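Trainee: I am new to this structure and would be grateful for a close look at a single part of it. Please take one place as the starting point and then connect it to what surrounds it.

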Amino acid sequence: MRIPYFAAWLIAFITCGSLTIAFETEQQKFYNSSAGTSVLRIISTADISSFEPILLAFQADNPTIDIDYVVASSAQTMQAIYDEQAPFDLVISSAMDLQTKLANDGFAQTYVSSTTDSLPTWAKWRNQVFAFTQEPAVLVVSEKAFRDLPIPNTREELIELLRDNPQKFWGRVGTYDVRTSGFGYMLATQNSRNTDSFWRLTEVMGRLNTRLYCCSGEMIDDVAAGRLAMAYNVLGSYAENRLKTLDGVKIVPMQDFVSLMLRTSIITTNAQNASGAKRMVDFLSMMETRPELSAASGLPAVQRQETTAAKGLRPIRLGPGLLVFLDRLKRETFIRNWQNSIVQNNPL
Amino acid sequence: MTLRFASGSMQGRLVIQLALIAALLSLVLFLVVRTVAERAAADTQDNILLASATSISDALYSERGAVRLELPYSALSMLGSISEDRVFYRIAVGGETLTGYDDLPLPTSLDANQFDTYRYKGETVRAVALKRNFSTGNQSRDVTIVVAQTRLGLAAISSRITNTAMATGAIFFLLATGLSLWAAQSALAPLTRMAGAVTRRGPSDLRPVTAKAPAELAPLVEALNSFILRLKASLNRSEDFIAEAAHRVRTPLATVRTQAEVVHRSLNQSQNKTALREMIRAIDESSRSAGQLLDHAMVNFRTDQFETTLLDLVELVQETTDRLSPTAGLKDILINVSHDQSSFPFSGDPILLQNALRNIFDNAIKYSPADSTIDVNMTSDDEYRIAVFDQGRGFQGGDAQSYLNRFSRGENVDDVVGSGLGLTIVQEVAAAHLGRVEIQNNETGAGACVSLILPRG
Amino acid sequence: MRFLLVEDNAQLAKAVSDRFALDGHAVDHAADLGDAQAFIETTDYELILLDIMLPDGDGRDFLRRHRNSEKGTPVIVMTARSQVSDRVSLLDLGADDYVTKPFDFSELEARCRAVLRRQGGVAHNKFEFAGVTLDSLEGTLTTPLGVETLRNRELRLIEIFFAAPGQIFAKPHLMDRLFSFAEDVSENAIEVYVARIRKKLSGTHAKIETVRGLGYRLVDQS
């Protein structure tokens, strides 16, 4: 799952559509239905391979809806909707902050149905942003590297471990490069908000010549290959998918708290097939009842009954708070601080 | 209670007036509650906006001669905590946007914290603008902070408040109306009590009203009592008048008749005797008519003030026939009473009934030949029937029932003294007791039958 | 018989007294309640005829007082009022009967007779003649052959003869005594009643004899 070129979008956003270049897409696929009478146009950050089972299941229920599925990065998705008002009906994205901004700035339609009503309050905002997955950020460790070391269960233990064993972890810790990964940036800013230990951890990781990645996939690959002893803030859902084919890798959910990333959908204000989009929103909201889809796509559905607080699960809160870290000055400051902490020993 | 004279109900008017007042008060209550609560809600939003803007202004700092800002997370998240409203902000230094939404309007002049409401991005927003003088090095810069929020949450609160205020108003109204109903009832209770006390009285109960009445009703009670007093006096006067009139008319008649009888006995000339007999007959006729007129007046008077007691019709018939048997005996007429039940309990006015019976028997005796029998058959099935059979000449000519009309007499009775009022009296007494009179000629042989029929129980 | 008449109208009182005298009754007249009281204290009457409206009080008060005293003299009230209103109170107060002015003397006599009959035996209302006894109150005729009950007119007719045996009574006189003024009857009607009493007297020594051209009389044939 690639969420690159965030900075590029940001420049485009800040200069407010002065660039005329059209958004870039990564994949596109048209799904003909059995009796198609309308086309549902979706722009999404989830690649076709993971999302296809969901789309097919949807079409099985709604045989009259063809689907035009376009995959783009979150930044390109933002540009397509925010700057170019591209004719998409539904936006599916893991970038909660950008989805929030779309809704806040008036690009999302309000929709209320009995299905959306049944969503927990943390899984929707303004009846415009609807979450359909809850994906934890986890620590992924190589079992081989931790053969004679205790696996840390909290961030404090992790800091201690790294501090006590610098020689073992030098160059063998991986995490997101928040400068290039929008998702990494969101996780980092939320971590910084949730715990004081974030900056100390960043500091410690900086001293260990931590390697920076754009994407979860590569980090997991390097852990599996033994090049990394651990990767911090990896998307758990993604990791679990990969673990089906990889050995020697263990997923560790932090016990102090686990950030829950919510994958959300919004119906655009200029949707031409709003009714189709609404059906899709209802369908995605009820994915909890179709565990086979979660299994096939590797996307864990929003759990209505689960008490998130008990498990230390902390859903990232939808709402204007997310807009704070999109602020230009805020971002500049954050990235500068982060860079000062993490890049002290290996200037990039 | 009769409603014939009712022109609107006092209680109804009172209730309606109180209900109108309650409605007015409810409306005022509704408006006040809504205004105050909406003001409070709006103030809450303003306060949060101001707190947000203040926290932003507190986060300003200068760096290398430039104004910098680290937007506090709480500045926007606090706005999201009470509602899901859209949030916009803009920080401008000397008119140039530092960060935020470029197109968010800046106030033209600004002295203190300024609140404003306007349309932005297709929705109404509430905005606060804050100006801070900020020195960077030796330079002083004007920083304007604008924080705006849509008012959906406020609208939701407002509609909730409106509903609550409306419910409060409605409950208040219902409560007040219920209470006013009660109040009106209890205020008018003495009046109802008094009316009840007067209504329950018998027709001849002319005592003054002594029921306790509130001061407001005292004049009414006084007027009523003085009216009762006058009515009583007037009734006494008319009773005395009737008695006096009868006395004055009848005493001279009695004198003349008695003298005529004395003279009649001493006369030997058959012609003179006949003339005197005619005179006595004329006297009898006029005195009988006068008596029946007086009886008729009395019957009317009593039926107007109808009062019943429980009595036995058999006893009543017996008494009446006993009283009349000397008269009947003069013609050797036998009155024979039979009844199929030992007693006929009935609720009625004994004086009226006796008068009716006496009229029937009088007629029967009058028209019966000497040495005959009058049969009185009393039967009871669905109703009481007192049938009086005589052996006289019967009714002749026209509809038998027409004899019941005032002053109407049969065609064959010129030789018998009578006024034609007798059966009318019987008819009126029967009607007052919800009964009727039937008259017909006897099926077996000569004579008439007059039946007084009264309802049972 | 001896009556007390309490009546304030002198003319009426005179007429009534005269009328009673014709039938052989003695009448004392009291013009007011005071006189009436004085009369009943000194004399025993067989019957009191009482007017209601009197100059010195209401006849009903007198009636009440009279009933409270030990005297049992029956009272017949003569009223000029409406019968309806007075009836109850008069009888309740103890009047034995009442007549309404103006009254038929035959009726008054009949009522007096009825009242006295209820009152119980008065000695000199029995007449005896030729072995036949007439009880005018009971209406019976006792002969050696047995007791005969008399009907009203028979009684009244036979009473006339027994009161004055031997006296000749003309037909018109008998008719006046027997029939009311309201009745129109021929003189022959009297023969019917004479025939009836002759039949009841048959087998005795008493006989009603026809005096041709003059009338009838009662004779003893023993």
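Which residue in β7(C) does C:T79 stand opposite?

Mentor: The model is a predicted one, and the description below should be read in that light. In β7(C), the residue that stands opposite C:T79 is C:T100. The two strands concerned are β6 of chain C, residues 75-79, and β7(C); they run parallel and are joined by 4 bridges.

This pair belongs to an open sheet of 5 strands in chain C, ordered β2-β1-β3-β6-β7, with parallel pairing. At the edges of the sheet are β2 (26-30) and β7 (97-100) of chain C, each of which pairs on one side only. From one strand to the next, the twist averages 20°. Helix α1 of chain C, spanning residues 10-22, lies across β1 (2-6) and β2 of chain C, and its direction is at about 165° to that of β2(C).

Strand β3 of chain C, residues 47-51, holds C:D51, a residue that deserves separate attention. The unreviewed UniProt entry covers C:D51 with the annotation "modified residue: 4-aspartylphosphate". Is C:D51 buried or exposed? C:D51 is buried, because 27 other C-beta atoms lie within 10 Å and 20 or more are enough for a residue to count as buried. Leaving out residues up to four places away in sequence, C:D51 touches C:V6, C:E7, C:D8, C:G59 and C:M78. Among these partners, C:V6 falls within β1 (2-6) of chain C, and C:M78 falls within β6 (residues 75-79) of chain C.

The sheet is one part of chain C, which contains 8 helices and 13 strands. Of the 222 residues in chain C, 37% are buried. Considering contacts in chain C between residues at least 6 apart in sequence, 51% join residues at least 24 apart.

Chain C also meets chain B: 37 residues of chain B are in contact with 35 residues of chain C. On the side of chain B that touches chain C, at least two residues each come from α4 (218-266), α5 (270-304), α6 (313-329) and α7 (350-367) of chain B. The element that gives the most to this side is α4(B), with 16 residues. Sorted by class, this side of chain B has 14 nonpolar, 12 polar and 11 charged residues.

Chain B has a further contact region, with chain A, where 17 residues of chain B are in contact with 17 residues of chain A. Here β2 (66-69) and α2 (73-82) of chain B each supply at least two residues of the side of chain B that touches chain A. With 6 residues, α2(B) gives the most to that side. By class, the side of chain B that touches chain A consists of 7 nonpolar, 4 polar and 6 charged residues.

Turning to chain B itself, the unreviewed UniProt entry lists residues 165-184 of chain B as "transmembrane region". In the model this span is 100% helix and 0% strand, and its end C-alpha atoms lie 27 Å apart. Helix α3 of chain B, residues 152-199, also contains B:L191. B:L191 is partly exposed, because 16 other C-beta atoms lie within 10 Å. The C-alpha atoms of B:L191 and B:L217 are separated by 7.6 Å, while the two residues are 26 apart along the chain. Another pair of positions in chain B, B:G12 and B:Q185, are 173 residues apart in sequence and 9.7 Å apart in space, C-alpha to C-alpha. B:G12 is found in helix α1 of chain B, residues 10-58, and counts as exposed because it has 11 C-beta neighbours inside 10 Å.

Finally, the nonpolar cores. The largest nonpolar core has 122 residues, and those with the most contacts inside it are A:V140, A:V234 and B:V147. Strand β6 of chain A, residues 129-142, provides the largest share of this core, 9 residues. Apart from its neighbours within four places in sequence, B:V147 is in contact with B:L49, B:S52, B:A53, B:I56, B:Y89, B:A127 and B:V128. A second, separate core of 43 residues includes B:L313, B:F346, B:L357 and B:L423.

How values were computed: Residues numbered from 1 in each chain as written. Chains lettered and ligands numbered in written order. Predicted model: local features only at pLDDT ≥ 70, side-chain atom pairs only at ≥ 80, totals over all residues. Contact = placed C-beta atoms within 7 Å. Nonpolar A, V, L, I, M, F, W, Y, C, P; charged D, E, K, R; others polar. Pairing = 2+ DSSP bridges. Axes fitted to C-alpha atoms, helices over the stretch in contact; angles between N-to-C directions. UniProt positions renumbered as here; feature names shortened; annotations may be inferred. Buried ≥ 20, exposed ≤ 12 C-beta atoms within 10 Å, placed from the backbone. Core = buried A, V, L, I, M, F, W, Y, C linked by C-beta atoms within 7 Å.
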